Amino acid sequence: MTHTAIGWHVELEFQEDDQRTRAAALVRLPDGQEVRAHGYASRHHTDSNQPRVGEEVAGARALNELAMKLLTKAHDEIDEASGRTSHPIAI
């Protein structure tokens, strides 16, 4: 059996101010489709300013949403190909 290796490139971009961090995630699939997701983090006013922590939290939330969108997409494609309703894919 032949195995083909493919790669996906995920992009993360951040926008930050003193209190909030917003992350945007994007994956381009081999068929040309794009899946996008967003994540947010807020700093409590008593916390020290640590931009990297905000990026990690917002980035993780964006990647989590991206993962859920990909699972839903795969689930929908399984249903469409099989002509029946399948059980949701869970992580």
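Thr21 pairs with Ala41 of strand S3 as its bridge partner, and this pair makes a good way into the predicted model. Thr21 itself belongs to strand S2. Is Thr21 buried or exposed? Its relative accessible area is 7%, and because anything under 20% counts as buried, Thr21 is buried. Its surroundings can be read from its contacts, leaving aside residues up to four places away in sequence: Thr21 touches Phe14, Gln15 and Glu16, then Gly39, Tyr40 and Ala41, and finally Gly54, Glu55 and Ala58.

Let us follow the pairing outward from Thr21. Strand S2 covers residues 20-28 and is joined to S3 by nine bridges, with the two strands running antiparallel. One residue along from Thr21, you will find Arg22 standing opposite Tyr40 in S3. The hairpin that S2 and S3 make has five residues between the strands, and within this hairpin Gly32 adopts a positive phi near 95 degrees.

Now turn to the partner of S2 in the other hairpin. S1 and S2 form a hairpin as well, here with three residues between them. Their pairing is antiparallel and extends over eight bridges. Two of the facing pairs are easy to pick out: His9 has Arg28 of S2 as its bridge partner, and Glu11 stands opposite Leu26 in S2.

Glu11 deserves a pause of its own. This residue sits in strand S1, which spans residues 9-16. With a relative accessible area of 34%, Glu11 is partly exposed. Beyond residues up to four places away in sequence, Glu11 touches Ala24, Ala25, Leu26 and Arg28. Which side chain does Glu11 meet in a polar contact of 2.6 Å? The partner is the side chain of Arg28, the residue that also serves as bridge partner to His9. For a sense of scale, Glu11 and Asp31 are 20 residues apart in sequence, and their C-alpha atoms are 17 Å apart in space.

With both hairpins in view, the sheet can be put together. Its three strands lie in the order S1-S2-S3, making an open sheet with antiparallel pairing. S1 and S3 (34-42) are the edge strands, each of them pairing on one side only. On average, neighbouring strands of this sheet are turned by 15 degrees against each other, direction ignored. Helix H1, residues 51-82, packs on the sheet and touches S1, S2 and S3; the direction of H1 makes about 145 degrees with that of S3.

What lies in the largest nonpolar core? It has ten residues: Ala23, Ala25, Val27 and Leu29, together with Val35, Ala37 and Ala41, and also Ala58, Ala62 and Leu66. S2, S3 and H1 each supply at least two residues of this core. Two members of the core have already appeared beside Thr21, since Ala41 and Ala58 are among the residues that Thr21 touches. Ala37 gives another look at the core: its contacts, again not counting residues up to four places away in sequence, are Ala23, Ala24, Ala25, Ala62, Glu65, Leu66 and Lys69.

Finally, step back to the chain as a whole. The chain holds one helix and three strands, and from the N terminus on, these elements run β-β-β-α. The radius of gyration of the chain is 17 Å, well over the 12 Å that the globule rule gives for 91 residues, so the chain is more spread out than a compact globule. Along the principal axes, its C-alpha trace spans about 55 × 30 × 20 Å. How much of the chain counts as buried? The share is 22% of the 91 residues, and Thr21, where we began, is buried. As for contacts with a separation of 6 or more, 38% of those in the chain come from residues 24 or more positions apart.

Methods
Residues are numbered from 1 along each chain as its sequence is written. This is a predicted model: local features need pLDDT of at least 70, side-chain atom pairs count only at pLDDT 80 or more; totals for chains, interfaces and linings use all residues. Side-chain values use heavy atoms; hydrogens and water are left out. Helices (H or I, at least four residues) and strands (E, at least two) are DSSP runs, numbered from the N terminus. Buried means under 20% relative accessible area, exposed over 50%, partly exposed in between (1.4 Å probe, protein chains only). Contact means heavy atoms within 4.5 Å. A polar contact is a pair of N or O atoms within 3.5 Å; within protein, one must be able to donate a hydrogen and the other to accept it, and residues adjacent in sequence count only if both atoms are side-chain atoms. Two strands pair if DSSP finds at least two bridges between them. Axes are lines fitted to C-alpha atoms, for helices over the stretch in contact, and angles run from 0 to 180 degrees between N-to-C directions. A nonpolar core is a set of buried Ala, Val, Leu, Ile, Met, Phe, Trp, Tyr and Cys residues joined through side-chain atoms within 4.5 Å. The radius of gyration is taken over C-alpha atoms; the globule rule is 2.2 Å times the number of residues to the power 0.38.
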